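I set out to record one helix and one chain-to-chain interface. The entries follow in the order in which I looked things up.

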Number of protein chains: 2
Amino acid sequence: MAALKPTNYHGDVVWLGRVMHEGVLPSEASEALEFTFDGPEGEVHGGRTRPACARVLDQHPRGTEIANVRQLTILSAEELAETAFAMGVPEILPEWLGATIVLRGMPDLTHLPPSSRLQAESGLTFVVDMENRPCVLPGRVIEEHFPEKGARFKPAASGRRGVTAWVERPGRLVVGDSLRLHIPDQRAWELMAEAR
Amino acid sequence: MAALKPTNYHGDVVWLGRVMHEGVLPSEASEALEFTFDGPEGEVHGGRTRPACARVLDQHPRGTEIANVRQLTILSAEELAETAFAMGVPEILPEWLGATIVLRGMPDLTHLPPSSRLQAESGLTFVVDMENRPCVLPGRVIEEHFPEKGARFKPAASGRRGVTAWVERPGRLVVGDSLRLHIPDQRAWELMAEAR
């Protein structure tokens, strides 16, 4: 009867951090984070609800109070490396992107099935809302470190910008923990190809 | 930059109702419902959080407080008719299934993409968590109306039991309103076939 199926895919937590002030990057790295139903404690993007932003203008007027499905962003260490390679820079630090969690070992992380869950051994659980899309903001931070390269970020990060997520079950996460993937065990919607 | 894409697929609201007491079916039909961030007002499955149930035993011990992504269930009028046909009964009323909303005209509703949104013209928005799976409970109600047929419900409703959903943006819904489908505009996870 369960529609949510555990898989054998895991990702190891290699980095944690928080954005402390709205629009201010880099974020601050941390060895451990507490997650409540409001998101990562101290993170500026926390809260059960949030004012609608430019990303959802097709659905909501800016500022409308909506449920917050962007409490945190989860990135792939491998995809970050690919983005750096595509930009022609030696590395991109997660704090430049305002990341919350960086995982190593989770394949094709940016395209994880929407409504997937990522669960730590402690029981802490995140709901994956969907793919995150790159904006220009991290490019400005990268520009400070690698002049003339910042504008390459948005195209280079396409399909590699990780996912946005929110807290389904609270708990503490520490660098070195592992997150297990659970997926909606259902076939594709029959009109998916047509609707996209 | 938006990952959530409006489509031209709509469903017309042909029925609304609420379960008033835990485990008690049939539910009560209604011409209109108010939805807050807690779900449909007066619905026993409401709340921002809920105690984990048998459906998520692979993720959470029973009774664990988790976010409530099962505030409401949305069914397809066409799929309900197909289930009735498969059971060999003339009709199945939505109240026998504890439905919240029945839509007409939304194709393949039970397999809508997880993390899709359904939005009314008023702005009221639901997040589709994923497919709902049939349990035996509605079969007992059907049994009272069509003796010897109730046990057929669970297999007959497989793949036609609608979706579970929760409120992203509050508002009022009235029979006759229309809900528009918005989908995550991203390709399939590359390991989906293998993980299922």
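I looked first at helix H2 of chain A, in a predicted model, and found A:Arg140 and A:Glu144 exposed (over 50% relative accessible area, 1.4 Å probe, protein chains only). On the other side of H2(A), which spans residues 137-145, I listed A:Pro138, A:Gly139, A:Val141 and A:Ile142 as buried (under 20%). These four residues lie on the same side of H2(A) because they cover an arc of only 160 degrees around the axis, taken from the directions from the helix axis to the C-beta atoms. I noted that they pack against helix H1 (77-87) and helix H3 (153-156) of chain A. Helices are DSSP runs of H or I, at least four residues, and strands are runs of E, at least two, numbered from the N terminus.

I then turned to the interface. I counted 59 residues of chain B in contact (heavy atoms within 4.5 Å) with 60 residues of chain A. The two chains bury about 5700 Å² between them, 57% of it on carbon and sulfur atoms; this is the accessible area (1.4 Å probe) lost on being put together, summed over both.

I found 6 salt bridges between chain B and chain A (side-chain nitrogen of Lys or Arg within 4 Å of a carboxyl oxygen of Asp or Glu). One of them joins B:Arg187 and A:Asp108 at 2.9 Å, N to O.

For the record, residues are numbered from 1 along each chain as written, and chains are lettered from A in the order in which they are written. Local features need pLDDT of at least 70, side-chain atom pairs count only at pLDDT 80 or more, totals for chains, interfaces and linings use all residues, and side-chain values use heavy atoms, with hydrogens and water left out.
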